[in-house]
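Please look at the sequence and the three-dimensional model together, and follow the explanation below from one buried charge outward to the rest of the fold.

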Amino acid sequence: MITTSRRAVRLLTVSAAGVLAAAALALGAGTALADDPSADPSASGSADPGASASASPGDGDAAPTEAGTNFRTATVLRQGQEATADASAGDYLYWAFAADTGQHVTVRATVTFPGTAARHGASTWQLDVYDGLRRRQPCRFGAQTRTAAADATSVELVCKLRTIRSWAEPWSNDPLRGSYFLRLTVLDLPSTDLGQPVHAAVKATSDGTAGRQAVDGSVAPVVSAYTPHTAPADGWAGTWWSPRWLWTAGGGLLAALAALGGHRLARGPIRTPGRPRPGEPPREPVQYANRGMD
């Protein structure tokens, strides 16, 4: 009985060792398979073609080549892109882009007239800029209305907006961050030139601001749900920080130093009580001076 039990224990031990060895071999094979790049299905020609197609850049990065006809159908463009459109004289062309807090936005538009088109007179073109509330924004400087002579090949319009703000008083017309719309159209031209082909190109650029023109606040971007969606490529900036914090801290530090300096000048030199001034003979204590009078 004892011999039989020992044999059974030995058989169980050998079986367990075999199972452990097989598991170790399987684990090693799996690790080698995982480390082998040739075993990766994506490295072979049987990879899913849809994966490589989705990794390619989309058409959204390309500059638009058409324009909308109203606010709701405005073509979205990014700052720095040059949008183009072929249209006819008399059409209303609309584009939309996003402007964020603290930006100085400059919009440029160029209207080119084909040389084959015979024009019968001068034409006046205008570039209008509207914010997300569809309020027409004035230009700080630039010519947003220009007249092209009958023999001109092109006309260029420029409009530089005021600093984009993240909040404003309800009665003010300050530009708020959010969507902005460009409208390019002709104001005046001979009736015989209506419908002639033109080529339009617009571009919106911006630069940051700091110092006394810095703005801050906590108002959400003005973006309408009934117009094309516009947003900066890297998202909307936060509104709790602006360079004005640095100017405020620096001004407070200078004010504290000026207050300490003024206090020191008004108080005069610091003297220890009972110690004579320079050049003054030492004084006797009061109790010894009064003894001689008794």
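In this predicted model, Arg119 is buried and yet takes part in no salt bridge, since the nearest side chain of opposite charge, that of Asp151, is 6.0 Å away. A salt bridge requires a side-chain nitrogen of Lys or Arg within 4 Å of a carboxyl oxygen of Asp or Glu, so the distance of 6.0 Å to Asp151 does not qualify. Arg119 is placed in the loop between β4 (104-112) and β5. What does the side chain of Arg119 reach at 2.9 Å? The partner is the backbone oxygen of Ala150, and a polar atom of the Arg119 side chain also lies 2.2 Å from the backbone oxygen of Ala152. When residues up to four places away in sequence are left aside, Arg119 touches Phe113, Ala148, Ala149, Ala150, Asp151, Ala152, Thr153, Asp193 and Gln196.

Other charged side chains in the model do find partners. Side chains of opposite charge can pair when their charged atoms come close. A search of the whole structure gives 7 salt bridges. One of them joins the side chains of Arg177 and Asp100, with an N to O distance of 3.4 Å. This pair links distant parts of the chain, with Arg177 in the loop between β7 and β8 (178-188) and Asp100 in the loop between β3 (93-99) and β4, 77 residues apart. Both Arg177 and Asp100 are buried.

A further salt bridge brings together the side chains of Arg183 and Asp128, at 3.0 Å from N to O. Because Arg183 lies in strand β8 and Asp128 in strand β5, the pair ties together parts that are 55 residues apart in sequence. Arg183 counts as buried because its relative accessible area is 19%, and the limit for that class is under 20%; Asp128, at 1% relative accessibility, also counts as buried. Salt bridges that share partners join Asp128, Arg136 and Arg183 into one network. Asp131 forms a salt bridge with Arg135, the closest N and O atoms of the two being 2.8 Å apart, and Asp131 is itself buried, with a relative accessible area of 1%.

The chain is also joined by a covalent link. A disulfide is a covalent bond between the sulfur atoms of two cysteines. How many disulfides does a search of the whole structure find? The search finds 1 disulfide, formed by Cys139 and Cys159, whose sulfur atoms are 1.9 Å apart. Cys139 lies in the loop between β5 (123-130) and β6 (145-148), whereas Cys159 lies in strand β7 (residues 154-160), so the pair ties together parts that are 20 residues apart in sequence. The torsion about the S-S bond of Cys139 and Cys159 is about -100°, and the disulfide is therefore left-handed. Cys159 has a relative accessible area of 0% and is thus buried.

These details can be set within the whole protein, which has 4 helices and 9 strands. Read from the N terminus on, its elements run α-α-β-β-β-β-β-β-β-β-β-α-α. Among the contacts in the protein with a separation of 6 or more, 72% are between residues 24 or more positions apart. Buried residues make up 29% of the 294 residues, while the accessible surface of the protein comes to about 19,000 Å², with 59% of that area belonging to carbon and sulfur atoms.

Conventions:
Residues are numbered from 1 along each chain as its sequence is written. This is a predicted model: local features need pLDDT of at least 70, side-chain atom pairs count only at pLDDT 80 or more; totals for chains, interfaces and linings use all residues. Side-chain values use heavy atoms; hydrogens and water are left out. A disulfide is a pair of cysteine sulfur atoms within 2.5 Å. Helices (H or I, at least four residues) and strands (E, at least two) are DSSP runs, numbered from the N terminus. Buried means under 20% relative accessible area, exposed over 50%, partly exposed in between (1.4 Å probe, protein chains only). Contact means heavy atoms within 4.5 Å. Accessible areas come from the Shrake-Rupley method with a 1.4 Å probe; for residues, only the protein chains shown count as cover. Lys and Arg count as positive and Asp and Glu as negative; His and the chain ends are not counted. A polar contact is a pair of N or O atoms within 3.5 Å; within protein, one must be able to donate a hydrogen and the other to accept it, and residues adjacent in sequence count only if both atoms are side-chain atoms.
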